[in-house]
Amino acid sequence: MKKIFLIVSFLICLYSNAQEDLLSGLDSTQVVDKNVTATFKALQIITLQSTKLPAKKEFYLVISHRFGTVKGGISEFFGFDDATTKIGGIYGVTDWLALSASHHTLLKMNEASAKYRLIRQTEDFPVDIVGYSTIDFNSGLKKDDYPKIEFSDRLTYINQVLISRKFSDRLSLELVPSYIHKNLYNPAIENDNQFTVAAGGRLKLTKRLSLNLEYGENFNKPDFYNNPLSVGLDIETGGHIFQLLFTNSQSMTESGYLTSAAGDWGKGDFFFGFNLYRVF
């Protein structure tokens, strides 16, 4: 927990040194019917979900990559020889509900999610509160390796509460408590139920560029995994948001990111990647 508070303090320190720079229209702290808008510009902070939802009938195409560890050096082209990919879509059913589906090449994981707004930050209420529920289906598990495997064994469930606050035109912070349940797990090294608390934030640097940071504390992880720590940049390029990032977790599913971060920043063992969102 101390690490989370250190990250939040770091973001606040950055904010205190920043100068005022108003964004155009949607990027300022607008109040529409007392609702605060544009807390985050992307649907994710880095890998963690943000409290942003698509508008009704908006469709987002999502393409993400996490390359291999940069620790391999030039012999592995600093990780570019070992890329994993996520491709998916997100649809705004209403202004408060979005449904999504994606496929991940890492472990051949398929993911279906629902994101739903519970409370909005307003002039009278200090935070946005959004729920996020996900089911992961591991299609990479082979019958030859697990002869008795059943459909339900391939499933992992994740439930999160996203709590964010936009402090100014420049600074937004978010807290994300999560519950993860794995139907298939090795009791010798991990728990079927895992709890995490993550924190993240966005600091606007220029009109179209922001610095993002996130960290998660997993209270039930095995000792050989690390807590996820990521840093990235949001780049607005007209019709889409492009995120460049470095992280110690190659997985792009919520369950993998929060429970099995294998990289170690202190040893130069981390991954480069990006997220690309195109809205239609």
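Mentor: Helices and strands are DSSP runs, at least four residues long for a helix and at least two for a strand, and they are numbered from the N terminus. Please note that the model is predicted.

Trainee: How many helices and strands does the chain have?

Mentor: The numbering by element, such as α2 or β4, follows the order from the N terminus. Counted in this way, the chain has 14 strands and two helices.

Trainee: Which element gives the most to the lining of the second largest pocket?

Mentor: This pocket has a volume of about 660 Å³, and 33 residues line it. At least two lining residues come from each of β4 (84-92), β8 (155-166) and α2 (254-259). With three residues, the element that gives the most is α2.

Trainee: How many residues of that lining are charged?

Mentor: Nearest the centre of the second largest pocket lie L107, M109, N138, K182 and S260. The lining as a whole divides into 15 residues that are nonpolar, 14 that are polar, and a charged group of four.

Trainee: Which elements give two or more residues to the largest nonpolar core?

Mentor: In soluble globular proteins, nonpolar side chains tend to be buried together. Here the largest nonpolar core has eleven residues, among them L48, V130, Y132, I158, V176 and Y257. Two or more of its residues come from each of β7 (128-138), β8, β9 (171-182) and α2.

Trainee: With which residues is Y132 in contact, leaving aside its neighbours within four places in sequence?

Mentor: Y132 belongs to the largest nonpolar core. Two of its contacts, I158 and L162, are members of that core as well. The full list of such contacts is Q49, S100, S113, A114, K115, Y116, I158, N159, Q160, L162 and E254.

Trainee: Is K57 buried or exposed?

Mentor: K57 sits in the loop between β2 (35-36) and β3 (59-69). Its phi is near 75 degrees, a positive value in a residue other than glycine. Because its relative accessible area is 61% and the cut-off is over 50%, K57 counts as exposed.

Trainee: What does K108 count as, by its relative accessibility?

Mentor: K108 lies in the loop between β5 (97-104) and β6 (109-119), with a positive phi near 50 degrees. Its relative accessibility is 49%, and the middle class runs between under 20% and over 50%. K108 therefore counts as partly exposed.

Trainee: What share of the chain's residues count as buried?

Mentor: A residue is buried when its relative accessible area is under 20%. Of the 280 residues in the chain, the share that meets this limit is 49%.

Methods:
Residues are numbered from 1 along each chain as its sequence is written. This is a predicted model: local features need pLDDT of at least 70, side-chain atom pairs count only at pLDDT 80 or more; totals for chains, interfaces and linings use all residues. Side-chain values use heavy atoms; hydrogens and water are left out. On a 1 Å grid over the protein atoms alone, a cavity is a set of points where a 1.4 Å probe fits but cannot get out, and a pocket is an open set with protein on both sides within 12 Å along at least five of seven lines; lining residues have an atom within 4 Å of a point. Grid points are joined across faces, edges and corners, and a volume is the space filled by probe spheres set on the points. Ala, Val, Leu, Ile, Met, Phe, Trp, Tyr, Cys and Pro count as nonpolar, Asp, Glu, Lys and Arg as charged, and the others, Gly among them, as polar. A nonpolar core is a set of buried Ala, Val, Leu, Ile, Met, Phe, Trp, Tyr and Cys residues joined through side-chain atoms within 4.5 Å. Buried means under 20% relative accessible area, exposed over 50%, partly exposed in between (1.4 Å probe, protein chains only). Contact means heavy atoms within 4.5 Å.
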